[in-house]
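Reader: I should like to understand how the contacts between the chains of this model were classified. Please set each value beside the rule that it has to meet.

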There are 4 protein chains.
Amino acid sequence: MIDIQNNIDDRGVSLHWVGIKDYTLQVVINNQHTIANVQLGVSLDATHKGIHMSRLSQLLQDFHVLNNETVIDLLNRSKELLESSTSSIIINTTYFRKKNAPVSGLSGTINYSINIFASLSSSNRSIYHSICVPITAVCPCSKAISSYGAHNQRGAIQITLSDIDIDDYDNVIRIIEKQASSCEVYSVLKRTDEKKVTEKAYENAKFVEDIVRDSIIALKPIYGCKLCSVECTNFESIHNHNAFAYYYENEKFNMIR
Amino acid sequence: MIDIQNNIDDRGVSLHWVGIKDYTLQVVINNQHTIANVQLGVSLDATHKGIHMSRLSQLLQDFHVLNNETVIDLLNRSKELLESSTSSIIINTTYFRKKNAPVSGLSGTINYSINIFASLSSSNRSIYHSICVPITAVCPCSKAISSYGAHNQRGAIQITLSDIDIDDYDNVIRIIEKQASSCEVYSVLKRTDEKKVTEKAYENAKFVEDIVRDSIIALKPIYGCKLCSVECTNFESIHNHNAFAYYYENEKFNMIR
Amino acid sequence: MIDIQNNIDDRGVSLHWVGIKDYTLQVVINNQHTIANVQLGVSLDATHKGIHMSRLSQLLQDFHVLNNETVIDLLNRSKELLESSTSSIIINTTYFRKKNAPVSGLSGTINYSINIFASLSSSNRSIYHSICVPITAVCPCSKAISSYGAHNQRGAIQITLSDIDIDDYDNVIRIIEKQASSCEVYSVLKRTDEKKVTEKAYENAKFVEDIVRDSIIALKPIYGCKLCSVECTNFESIHNHNAFAYYYENEKFNMIR
Amino acid sequence: MIDIQNNIDDRGVSLHWVGIKDYTLQVVINNQHTIANVQLGVSLDATHKGIHMSRLSQLLQDFHVLNNETVIDLLNRSKELLESSTSSIIINTTYFRKKNAPVSGLSGTINYSINIFASLSSSNRSIYHSICVPITAVCPCSKAISSYGAHNQRGAIQITLSDIDIDDYDNVIRIIEKQASSCEVYSVLKRTDEKKVTEKAYENAKFVEDIVRDSIIALKPIYGCKLCSVECTNFESIHNHNAFAYYYENEKFNMIR
């Protein structure tokens, strides 16, 4: 049977990344069961017509435990099986953490969106983890100028770090929730908790700019140059649009271009 | 050239709605230019194999001005051109309104999502308009139990009405914004406005349940049995999940089933 | 501490469904680990100001195994804990099935979107399962009129059934894939498989109308009046819009209104 | 009234981009009316606590005609009004083109997603346009190995170019549709057209890799180093996942990182 992908290509154009995307699979991350959406591919040199994509699907069949080692191993096997010089992956997944309400102590679960970007060649190996932390943000301007009340809203802080382990997720999330938010969010709050959360957030009013700066101040001493970028989006309660602030340390994560 | 769609079908199954969807087009609504996503189709009786879908695309080429008359006319022409007993359409579009800030008077524009559902047969003609109004919601419980502050968030009220005109949109939106919200949202707010909005919302704390009830109380005297359903979703600032309340008058809009 | 939700309401409006939505949690369905997005709520009678939403979040903390019994039990406990007459839930989740390639026999996994709608009152108990099955669809018109080739595309068949068990999912999916599609889709296909799949689909050309009718013909003898609705959307390869066909047996699933 | 944003900040952290996002507005592009979603912001130096976001909303009130000059002018005014060194914008919009069916000559309209990224500082001025072109893709492997038929699907080619004008959109789209696809897509196709389109696509089978390479080969002689990146995603008809190929000339558009 003809192998057209294996034909010689004479257009002289090599491609950086060719593969499959929107592939949904079950994974285990930090001993918790969840699902992931995967984009996996390899580079294609100028002389070959195509890659054998079914090999990528096959490799994903055996991919269950998700951590830095297994991701790099998957990239290594992709690179070898498809005889490519580079392989890369983007994984979107959902991570869960138990959290006790601040006064009642009742337990609840919060979900965090995770993006992992990894790339492997003979000369380079990179892995980035992007963690999205939902928080409460109270506006300092609204608080200062109003006789009572202050507008507040849910926000989402997106932290991107290089070369951390999945074991670091809990630490990063804890730091961001405690030090960068007006208050952290919870899934179960009784009235005693709601009073505490409301008052703490009000005492601790922060602009979207403060949230990004406080994230950097809190993470830099611990993660140093592993910190790539910090972004926060506040779903403004007084507007029908959102507010954002964005910082990048690593030019690769400069989304302004 | 063979016309397979015109073949006789012997499975004995008539279909309620067959056509095209995710069709994007430019429309004019209330003299404003916007774009719409359309799902348009007709019924198929048991004896025919298929409909001629290209006729639906053709009809949409001439559809520019969007109002009740043009929608019904489009359904009528669809029904006739495709020789069907019933034709139906769902249109999603974006509606804009100018709104002045409450103190500075500065002008800004707010966007509203609109869904129109219409159906036409020889015995029946229905048209429903669903308007989504973004608002501010301050939690009365949080306000009552906290020494200062109160959690608040953006909410979205979805109002479905039958047989209203597009001319009614402004009126429905104004009523909902004034009477059902803790405060309306704006796109331009200077500090004097932000103080006003913050304080007004705080004075006017409402649960998601209150917002739905106040919507009904405000709309019923004017729209009577034209009111089909009211739903509100609050994007809770202290949680990573949302709160909702839902009411239906017309069983067709019972989404609980 | 004041319990505002417990106040008496004098607006005289009862609400059909009040609760929490967009709540993400880990669940086990048919022994497989996956995640779900949940909307859970209860009715609110006219005399009470609000429901105690934190109780719903608390109940979800203990919800892990997902099947008809556990869903009804959750609704029962919601109803009792919140002293309501009715409780209802919508669950969106992802279901996985192993499937062997038709010639090589290689194993791959396909993901299916599932929606569950359930409601419980003293007089009524309903549970609906909606299963979305991705398939291949080859256009019979394109095949008949063209000297070679035929346009084809991925389609998605949405089947809604009442009172089935989660154990029925595999059976419904198998029937739909075998009897209603031009060909089923796979995640791993080697060249021998791709030849088989391409030829089988071409031999088996079906309009979106045929797919819905064949789904009904295949499911009715087995599921009878449990069949509520069938919808198919084809992501047309020759258009930038999609084609659809829709049938409902149960008026509750009439989306035309 | 206190101006908290104007306070001095002592954390020593400057931010690259601060502003508003998910702002929906009506715009005119190439004389056609459409709507856009905008993210607009400015840099914030280390010594200031916050930016005055309402000024960005105000500037957007006067933004109607969308082209390179008006975008740069908006950035210039943002930079000046907010006393910042850099301003940047991302605009997502929908562009429409009339297209005649290949045999019947009937007219139809196709919608194209557009992303514009622009940035302005005293030393730098950049503007990138990303155009998404829907196409038909027939698989050459499936065609070669099968006795009849060939799997095909809709694909989407995303082309990013720097420093082009909106007047270039039509040219870029025409080139991509003619030279990079198996066949272009249409919104109105009668049977004579469908035969032509089916056969042309079959004669012109292309892998996702071919589509990206042919895009580069077609665009490079005309646009030279203005070409930043090319990506194609094929919504595979025989899988429940998609295939993609990706090429970048400008490291800023390296999404692999």
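Author: Buried area is the accessible area, taken with a 1.4 Å probe, that two parts lose on being put together, summed over both. Between chain D and chain A that area is about 5500 Å², and carbon and sulfur atoms give 62% of it. D:Arg213, D:Phe244 and D:Arg257 lose the most area to chain A within chain D, together 17% of what that side buries. The model is a predicted one, in which local features need pLDDT of at least 70 and side-chain atom pairs count only at pLDDT 80 or more, while totals for chains, interfaces and linings use all residues. Residues are numbered from 1 along each chain as its sequence is written, chains are lettered from A and ligands numbered from 1 in the order in which they are written, and side-chain values use heavy atoms, with hydrogens and water left out.

Reader: What makes a residue part of the contact between chain D and chain A, and how many residues does the contact take from each?

Author: Contact means heavy atoms within 4.5 Å. By that rule the contact takes 64 residues from chain D and 64 residues from chain A.

Reader: Why is the meeting of A:Arg11 and D:Asp210 called a salt bridge?

Author: The term requires a side-chain nitrogen of Lys or Arg within 4 Å of a carboxyl oxygen of Asp or Glu. The side chains of A:Arg11 and D:Asp210 have an N to O distance of 2.5 Å, so the pair satisfies the definition. Between chain D and chain A the count is 10 salt bridges. Strand S1 of chain D gives the largest share of the side that touches chain A, nine residues; strands (E, at least two residues) and helices (H or I, at least four) are DSSP runs, numbered from the N terminus. That side of chain D divides into 35 nonpolar, 16 polar and 13 charged residues.

Reader: What makes D:Arg191 and B:Asp3 a salt bridge?

Author: The closest N and O atoms of D:Arg191 and B:Asp3 are 3.7 Å apart, and the pair therefore qualifies under the rule. Across the interface of chain D and chain B the rule finds two salt bridges. Helix H1 of chain D supplies five residues, the largest share of the side of chain D that touches chain B. The contact takes 31 residues from chain D and 31 residues from chain B, and the two chains bury about 2600 Å² between them, 53% of it on carbon and sulfur atoms.

Reader: How do you know what relation chain D has to chain B?

Author: Copies are superposed by least squares on the C-alpha atoms of residues with pLDDT of at least 70 in both. A rotation of 180 degrees with 0.0 Å of shift along its axis superposes chain D on chain B, with RMSD 0.0 Å. That is therefore the relation of a two-fold axis. The same surface serves both copies, since 100% of the contact residues of chain D recur in chain B.

Reader: Why is the pair of D:Tyr95 and D:Tyr169 called edge-to-face?

Author: Rings of Phe, Tyr and Trp (its six-membered ring) pair if their centres lie within 6.5 Å; planes under 30 degrees apart count as stacked, over 60 as edge-to-face and the rest as tilted. The structure holds 24 aromatic pairs over all chains. D:Tyr95 and D:Tyr169 lie 5.3 Å centre to centre with 90 degrees between the planes, so both conditions are met. The pair links distant parts of the chain, with D:Tyr95 in strand S3 and D:Tyr169 in helix H4 (residues 169-179), 74 residues apart.

Notes
Nonpolar A, V, L, I, M, F, W, Y, C, P; charged D, E, K, R; others polar.
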